[in-house]
Amino acid sequence: MLMLTAAGKLMKVFLTRRIPPEGMKILSAAGVCEVSQWDSDEPIQRADLLKGVQGAHGLLCLLSDKIDAEVLDAAGPNLKVISTLSVGYDHLAIDEIKKRGIRVGYTPDVLTDATAELTVALLLATARRLPEGVEEVKNGGWSSWKPLWLCGYSLSGSTVGVIGLGRIGMAIARRVMPFGVKRLLYSGRTAKDYAAEVNGEYVPLDTLLSESDFIVVSCSLTPETQGMCDKAFFSKMKNTGVLINSSRGTVMNQEDLYEALSSGQIAAAGLDVTTPEPLPTNHPLLTLKNCVVLPHIGSATYSTRGIMGALSAQNLLGGLQGTDMPSELTF
């Protein structure tokens, strides 16, 4: 089915970034849409986004692109579909998009395993002080063996608390249990039947905070979870507690986190997400040895990014054709 405008021209699609080759191959092979692209690995400037989207029938964007009424107005009435190369969609003005009858595609599920793997890696690196160890080897701090040098915290026999036992939260739980975790607690809006697979105990958030040795934040961003991890939150944790966040940067009050880490209120934190992103190199959190910060690489495996690229292209084509999209966001 050729995707042509009423004037018989190919439909225009605009890509706000270079995307994985798997996605570009699908769009090229379809041979039915005219692709224009911000040809860079860096985020598109606002002015270029507003210019590039003009007259587009389809838009493929990233999490870093704010798609609001101004962008939709710039695109004009032709815009039928927005495909985002992400599982999150808080960068999209959903109410405005819905009002205009524009369909939205996203890439859930495909990055679950990669993000869960990275979260467990970050937990282990933070708890066992791996970045500190690497630095000591490089700077000459490694001397004779010392009984308590670079000691950290073990998963074996511990209690792990997961805030948000959704797809990713459950995948994390499955991966930590074989380390000999004694109890798996979780909190969220509702109890989950599938938690039985990991012997998960549904508890109030305050119970999870006070009883967990490791706390993993894997909830979605909502008005309730925004800024959730604050001074009151940290005050309820054990002072040996390790906190890991691979969800959204804005669930964390970073000023309060700095105080909790520097004062010994909690033992350590590992973050794959921050506010803003990238985190400025002079940010106070980066001065702390007990804070491990990664550059939002949760889904960064070659296979996962390739699948995300392909899925975002398929969503875009489905929206243009008025057919099923493999992963359509339902409003």
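**Group meeting talk: a sheet, some rings and two annotated domains**

Let me start with one residue pair: M11 has C33 as its bridge partner in strand 2. Keep in mind that this is a predicted model.

That pair belongs to a longer contact. Strand 1 covers residues 11-15, and strand 2 covers residues 33-37. The two run parallel, with 5 bridges between them. What lies along the path that links them? Helix 1, residues 21-30, forms a β-α-β unit with strand 1 and strand 2. The unit is right-handed.

Now the whole sheet. It is open, has 5 strands, and the order reads 2-1-3-4-5. The pairing is parallel. Which strands sit at the edges? Strand 2 and strand 5 do, and each of them pairs on one side only. From one strand to the next, the twist averages 20°. A general reminder: strands in a sheet pair through backbone hydrogen bonds, and the pairing can be parallel or antiparallel.

Further along the sheet order, take strand 3, residues 58-61. Strand 3 runs parallel to strand 4, and 4 bridges join them. One named contact here is G58, whose bridge partner in strand 4 is V81.

Next, the aromatics. How many aromatic pairs does a search of the whole structure find? The count is 3. I will show two.

Here is one: Y89 with Y106. Their ring centres are 5.8 Å apart and their planes meet at 90°, so this pair is edge-to-face. Y89 is in the loop between strand 4 (81-84) and helix 4 (94-99). Y106 is in the loop between strand 5 (103-105) and helix 5 (112-127). The pair therefore ties together parts that are 17 residues apart in sequence.

Are these two tyrosines buried or exposed? Y89 has 35% relative accessibility, so Y89 counts as partly exposed. Y106 has 15%, so Y106 counts as buried. The cut-off for buried is under 20%.

The other pair is F233 with F234. This pair is edge-to-face as well, at 5.6 Å centre to centre and 85° between the planes. F233 is buried, with a relative accessible area of 3%. F234 is buried too, at 1%.

One more ring, this time with a charge. The charged end of K146 sits over the ring of W149. The distance to the ring centre is 4.8 Å.

A quick stop at R46. Where is this arginine? R46 is in helix 2, which covers residues 46-52. Its relative accessible area is 29%, so R46 is partly exposed. Compare its position with D73. R46 and D73 are 27 residues apart in sequence, and their C-alpha atoms are 14 Å apart in space.

Last, the annotations. Both come from UniProt, from an unreviewed entry. The record places "domain: D-isomer specific 2-hydroxyacid dehydrogenase catalytic" at residues 13-328. Over that range the chain is 34% helix and 15% strand. The end C-alpha atoms of the range are 18 Å apart.

The record also places "domain: D-isomer specific 2-hydroxyacid dehydrogenase NAD-binding" at residues 120-298. What is the helix and strand content there? Over residues 120-298 the chain is 28% helix and 16% strand. The end C-alpha atoms of this range are 10 Å apart.

To recap the sheet: 5 strands, open, order 2-1-3-4-5, parallel pairing. To recap the rings: 3 aromatic pairs in the whole structure, and K146 over W149. Over to you.

Terms used
Residues numbered from 1 in each chain as written. Predicted model: local features only at pLDDT ≥ 70, side-chain atom pairs only at ≥ 80, totals over all residues. Heavy atoms only, no water. Pairing = 2+ DSSP bridges. Helix = DSSP H or I, 4+ residues; strand = E, 2+ residues; numbered from the N terminus. Right-handed = clockwise from strand over helix to strand, strands pointing away. Phe/Tyr/Trp six-rings, centres within 6.5 Å; stacked < 30°, edge-to-face > 60°. Buried < 20%, exposed > 50% of the residue type's maximum accessible area, 1.4 Å probe, protein only. Lys NZ or Arg CZ within 6 Å of the ring centre and 35° of its normal. UniProt positions renumbered as here; feature names shortened; annotations may be inferred. Axes fitted to C-alpha atoms, helices over the stretch in contact; angles between N-to-C directions.
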